[in-house]
Amino acid sequence: MAKKKEFMAIITIVLAIVTSMAGLLSINFTKGYDFINQYSHTVEMYGYGIYANDTYFQAPISIGTDICTLFVGVPMFIFAYMNFLKRGDVISRLKLISIYAAVFYYAASLAFGLTYNRLFLVYVALFSCSLFGMFRHICNINLEKVAISSKGLRLFLILSGIALIVAWLPDVIPSAIKGGTLSLIGVYTTNITYVLDMGIISPMCFITLYLLKKGNPIGTLLLAIILKLCIIVGIMMFPQTICQVASGCNIPVPALVTKSLSFVVLGSFAYYFNQKMYKEME
């Protein structure tokens, strides 16, 4: 049964285009300057565009994320939305929920993770629309089928949950022991990625595993979200890495390759399990 157009999805798409375009138009790696942060450390600032007051380390990552959002995330959202309007079934709604979750992750990173800029209200609007748009469909979905919890899928969820902690914990532990700040804290007070990955996504992997074993349909919902996030993050590693290298940012190559490669591998496996899950459900 076809569904009526919903303005929440349309607004979310427009806001995602506006925020990602602003990042794309901020590509200029020649305006960097030194700045003494609140911790009395000298950090290099980006100095151009919407990320002018962000660090030279963070800005290229954000621009890479914007590129992925504009050319991958937005088309995926539009396709999922149009597919839902056409089919209006459980599977198309589940796909739309999962892409809503990916946009929500993106919006949270912008709203909480960047230095205040003129697009702050746009970030907040995107955060709100993606959150409540996702909740609307979660409340209306009638999941009866449970994704098959194969040995490979269980291993993927376990490794994903561990990887998200292993990737970031080594950055946090030294600062906790020494009583200082994160090595790449820049002008920020915390790192939102660490909070989202270690505080939400990683535990969600293990909760999903438990729910699937119990035959709870909510496990399928959470699995769809995790798989979509992993796929998009895996793709996102390419523009992020390219922007970091192009900016000339001083990042240890082994660390750059190891972290980026691990997320690309997880994204590849997530794509496989994502295709398999929807094929089984249909």
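**Helix packing and aromatic pairs**

Helix α1 passes helix α3 in a left-handed crossing. The model examined here is a predicted one. In it, α1 covers residues 7–24, and its axis runs 12 Å from that of α3, at an angle of about 45°. That angle falls outside the ranges for roughly parallel, perpendicular or antiparallel helices, so α1 and α3 count as oblique to each other. On the α1 side, the contact is built from Met8, Ala9, Thr12, Thr19 and Ser20, and α3 answers with Tyr100, Val103, Tyr106 and Leu110.

Helix α3 also meets helix α7. This time the crossing is right-handed. The axes of α3 and α7 are 8 Å apart, and the angle comes out at about 55°. The two helices are therefore oblique to each other. Quite a list of residues takes part: Leu94, Lys95, Ile97, Ser98, Ile99, Ala101, Ala102 and Tyr105 come from α3, while α7 brings in Thr220, Leu221, Ala224, Ile225, Lys228, Leu229 and Ile232.

Two lysines from this meeting place can be followed a bit further. Lys228 belongs to α7, the helix that spans residues 217–247. With a relative accessible area of 10%, Lys228 is under the 20% cut-off, so it counts as buried. Setting aside neighbours within four places in sequence, Lys228 is in contact with Met76, Lys95, Ser98, Ile99 and Asn274. Lys228 and Lys95 are 133 residues apart along the chain, yet their C-alpha atoms are separated by 8.6 Å. Lys95 has a ring to deal with as well: its charged end sits over the ring of Tyr278, 4.9 Å from the ring's centre.

Another residue that touches α3 is His137, which is found in helix α4. His137 has a relative accessibility of 0%, so it counts as buried. Residues up to four places away in sequence aside, it touches Glu6, Phe84, Arg93, Leu96, Ile97 and Tyr100. Tyr100 turns up in the contact between α1 and α3 too, and Ile97 is part of the meeting of α3 with α7.

Now for the aromatic rings. The structure holds 11 aromatic pairs. In one of them, the ring centres of Phe112 and Phe127 lie 5.6 Å apart; the planes meet at 85°, over the 60° cut-off, so the pair is edge-to-face. Phe112 sits in α3 (residues 90–113) and Phe127 in α4 (residues 120–140), so this pair ties together parts that are 15 residues apart in sequence. Phe112 itself counts as exposed, at 53% relative accessibility.

Phe132 and Phe135 make another edge-to-face pair, with 6.4 Å from centre to centre and 75° between the planes. These two are three residues apart in α4, which puts about one helical turn between them. How exposed is Phe132? It is partly exposed, with a relative accessible area of 46%. Phe135 is partly exposed too, at 40%. Elsewhere, Phe29, Tyr46 and Tyr56 come together in one aromatic cluster.

Key. Residues are numbered from 1 along each chain as its sequence is written. This is a predicted model: local features need pLDDT of at least 70, side-chain atom pairs count only at pLDDT 80 or more; totals for chains, interfaces and linings use all residues. Side-chain values use heavy atoms; hydrogens and water are left out. Rings of Phe, Tyr and Trp (its six-membered ring) pair if their centres lie within 6.5 Å; planes under 30 degrees apart count as stacked, over 60 as edge-to-face and the rest as tilted. Helices (H or I, at least four residues) and strands (E, at least two) are DSSP runs, numbered from the N terminus. Buried means under 20% relative accessible area, exposed over 50%, partly exposed in between (1.4 Å probe, protein chains only). A charge sits over a ring if NZ of Lys or CZ of Arg is within 6 Å of the ring centre and within 35 degrees of the ring normal. Axes are lines fitted to C-alpha atoms, for helices over the stretch in contact, and angles run from 0 to 180 degrees between N-to-C directions. Angles under 35 degrees count as roughly parallel, over 145 as roughly antiparallel, 65 to 115 as roughly perpendicular and the rest as oblique. A crossing is left-handed if the near helix is turned anticlockwise from the far one by less than a right angle, and right-handed if clockwise. Contact means heavy atoms within 4.5 Å.
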